[in-house]
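Q: Hello! I am new to this structure and would love a close look at a single part of it, explained step by step.

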Amino acid sequence: MDPHFALNIRQILLAPAGRNPDQLIIDGSGQARSYAAFHDRIARLGAALTAQGLCRGKTIAVMDWDSPRYLECFFAIPMMGATLHTVNIRLSPEQILYTINHAEDDAILCHEDFLPVLMPLLPRIVRPVRLILLVDRKGAVLPDGFVGEYESLLAAQPAGFDFPLLPEDTRATLFYTTGTAGDPKGVSYSHRQLVLHTLAVAADLGTVPGTGGLKRNDVYMPITPLFHVHGWGFPYIATFLGLKQVYPGRYEPARLLALIAEHGVTFSHCVPTILSMVLSAPEAAQTDLSRWRVLIGGSALPEGLAREARTKGIDIHAAYGMSETCPFVTHADMVASQHSDDVTIRAAIGKPAAMVELRVVDPEMRDVPADGRTTGEVIARAPWLTMGYLGNPVASGELWQGGWLHTGDVGHISPDGTLRITDRLKDVIKSGGEWVSSLALENLASVVPGVREVAAVGMPDARWGERPVMVVVADGAVDAAICERLGAAVAAGDLPKWAMPDRIISVLSIPRTSVGKIDKKRIRQMLESGEIA
Ligand code: AMP
């Protein structure tokens, strides 16, 4: 194909530049720059990286907080024909080293806050890497081995840079799965996939009637780290729509709330635990959140959290996806609801996004009945699903077995087409040969007053194979109220009686993964070792 007609990330920048060049992109300290300045900086970054010998085919890693500078990298690096590797700074140092070596990074742009992690790893990085320092203050000293500091490198370049025309299947981004089971796996996306994902999600959210959508007058602030599935693709979508954007830096609840108030943030996305953390901050009570729309993904949205958010006036919705799906696959479909505060619909993960095919199948890949009860594995197809794991043909073959992407999630589809996830295949609790949905248990417990966080896991049991155990973070004693709530669900036929947990254990905190989700593998280990008892 003539590259003039290929889908390229650079095209995402075209409309906002023409439409509203004065629109602002703001950092966590409140410093604002216009889209016109953002364009200029993208060109200078392209020139600065090129001057360092980095070019098409190279892989350039970034270790930074969520910043406008990171957004510049989201564009300049792929637009050069290089790959942006968004390093998960929350992985262990050994895993970070593994990802840098596995990705074959040619350069690393590292914020000074992560130097204590990176510097000791340098002797074990196999390939030569160009090191560039990112700082939020003036007068920082370049550490040994660094070739320059980001702002000085940009300032030294002339304005304007000719980014090459690229074939649309050029690799644009690369990141690693969270590696809770074995080594992290590399997942990459092409220009074509990211452009199509941007268009489809913008079209979908932009046409949602009433609530839940994303419009050109929204003010966007991510609360998903930009290394997690490239910020769920939203930095591209927000830029495509020319939104005012706020990049909060390090996540501190008080600062997030202050930024929401100060800049009139109307749209954010995060995993449930992060929202819970923000709402529990003392400042939340004094902040008007009634204009805030929050899209929840990465884990099930517990009904209790959805209700709490609604009482604060937050327009909350769930969406579903995973690292391997770019990530969007479905989102809550408010069209199905006549009531804008129907929490059940907001928390269900809804209908397939534009251009997505979804099925729920049995182990032989036959569709299970769409009766809202029969569960199976969710499999998907869409133009932007990853083609496989970097350098791992075995895992890629398993992911794409039978020509469909296997999500590893268990769910069911209602007659109206609404998908609900009941578990991860690896988290499902098998008691006496019957599946118990850990998400159903958590959902019911989450609405009990005082419950802040809850996780249900299966623990080995001599008689039943596995039995459910629940761990809860709560204000005060809640076990009796949880038992009562679950008992009522059993009596109503909404929950099988063997789903009643054997134990409900109060804990001060629940372990989380590197992207802030509840870490069930770790909970099981802690229960087994007696760390939680
Ligand atoms: P990750 O690859 O870290 O983004 O994790 C993806 C996984 O998160 C999915 O496979 C699901 O198990 C889970 N997940 C994402 N969104 C939802 C949701 N709305 N409800 C339930 N689970 C979800």
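How many salt bridges are there between domain 1 and domain 2? Please start from that contact and then take me into domain 1.

A: Happy to help! One thing to keep in mind from the start is that this is a predicted model. The count you asked for is zero: no salt bridges run between domain 1 and domain 2.

Let us place the two parts. The domain assignment gives residues 1-189 to domain 1 and residues 429-529 to domain 2. Taken over C-alpha atoms, their centres are 41 Å apart. Six residues of domain 1 and four residues of domain 2 take part in the contact. Together the two domains bury about 370 Å² between them, and 60% of that area is on carbon and sulfur atoms. On the side of domain 1 that touches domain 2, two residues are nonpolar, three are polar and one is charged. Although salt bridges are absent here, one residue pair is in polar contact across the interface, with both residues at pLDDT 80 or more.

Salt bridges do occur elsewhere, as a search of the whole structure finds 28 of them. One of these joins Arg41 and Glu151, whose closest N and O atoms are 2.8 Å apart. This pair links distant parts of the chain, with Arg41 in helix α2 (residues 35-51) and Glu151 in helix α6 (residues 150-155), 110 residues apart. The two partners differ in how they are covered: Arg41 counts as buried because its relative accessibility is 10%, whereas Glu151, at 28%, is partly exposed.

Another salt bridge is formed by Asp64 and Arg69, and here the closest N and O atoms are 3.3 Å apart. Asp64 has a relative accessibility of 3%, so Asp64 counts as buried. Arg69 is buried as well, with a relative accessible area of 9%.

Now for the close look, which begins at Thr59. This residue lies in strand β3, which covers residues 59-63. Thr59 counts as buried because its relative accessibility is just 3%, and buried means under 20%. Leaving out residues up to four places away in sequence, the residues that Thr59 touches include Thr83, His85, Ala103, Glu104, Arg171 and Leu174.

One of those contacts, Ala103, leads us to helix α4, residues 93-103. Ala103 is among the buried residues of α4, along with Gln95, Ile96, Leu97, Thr99 and Ile100. What covers them includes strand β3, β4 (83-86), β5 (107-111), α5 (115-121) and β8 (171-176). In other words, the strand that holds Thr59 is part of the cover over the buried residues of α4.

Just after α4 comes Glu104, which takes a positive phi of about 60°. Glu104 is another of the residues that Thr59 touches, and Glu104 also forms a salt bridge with Arg127, the closest N and O atoms being 3.9 Å apart. That pair again connects distant parts of the chain: Arg127 sits in the loop between α5 and β6 (130-134), Glu104 in the loop between α4 and β5, and 23 residues separate them. Both ends are partly exposed, as the relative accessibility is 34% for Arg127 and 43% for Glu104.

So our path has gone from buried Thr59, by way of the buried residues of α4, to the partly exposed Glu104 and its salt bridge with Arg127.

Key:
Residues are numbered from 1 along each chain as its sequence is written. This is a predicted model: local features need pLDDT of at least 70, side-chain atom pairs count only at pLDDT 80 or more; totals for chains, interfaces and linings use all residues. Side-chain values use heavy atoms; hydrogens and water are left out. Domain bounds come from an automatic or database domain assignment. Contact means heavy atoms within 4.5 Å. Buried area is the accessible area (1.4 Å probe) that two parts lose on being put together, summed over both. A salt bridge is a side-chain nitrogen of Lys or Arg within 4 Å of a carboxyl oxygen of Asp or Glu. A polar contact is a pair of N or O atoms within 3.5 Å; within protein, one must be able to donate a hydrogen and the other to accept it, and residues adjacent in sequence count only if both atoms are side-chain atoms. Ala, Val, Leu, Ile, Met, Phe, Trp, Tyr, Cys and Pro count as nonpolar, Asp, Glu, Lys and Arg as charged, and the others, Gly among them, as polar. Helices (H or I, at least four residues) and strands (E, at least two) are DSSP runs, numbered from the N terminus. Buried means under 20% relative accessible area, exposed over 50%, partly exposed in between (1.4 Å probe, protein chains only).
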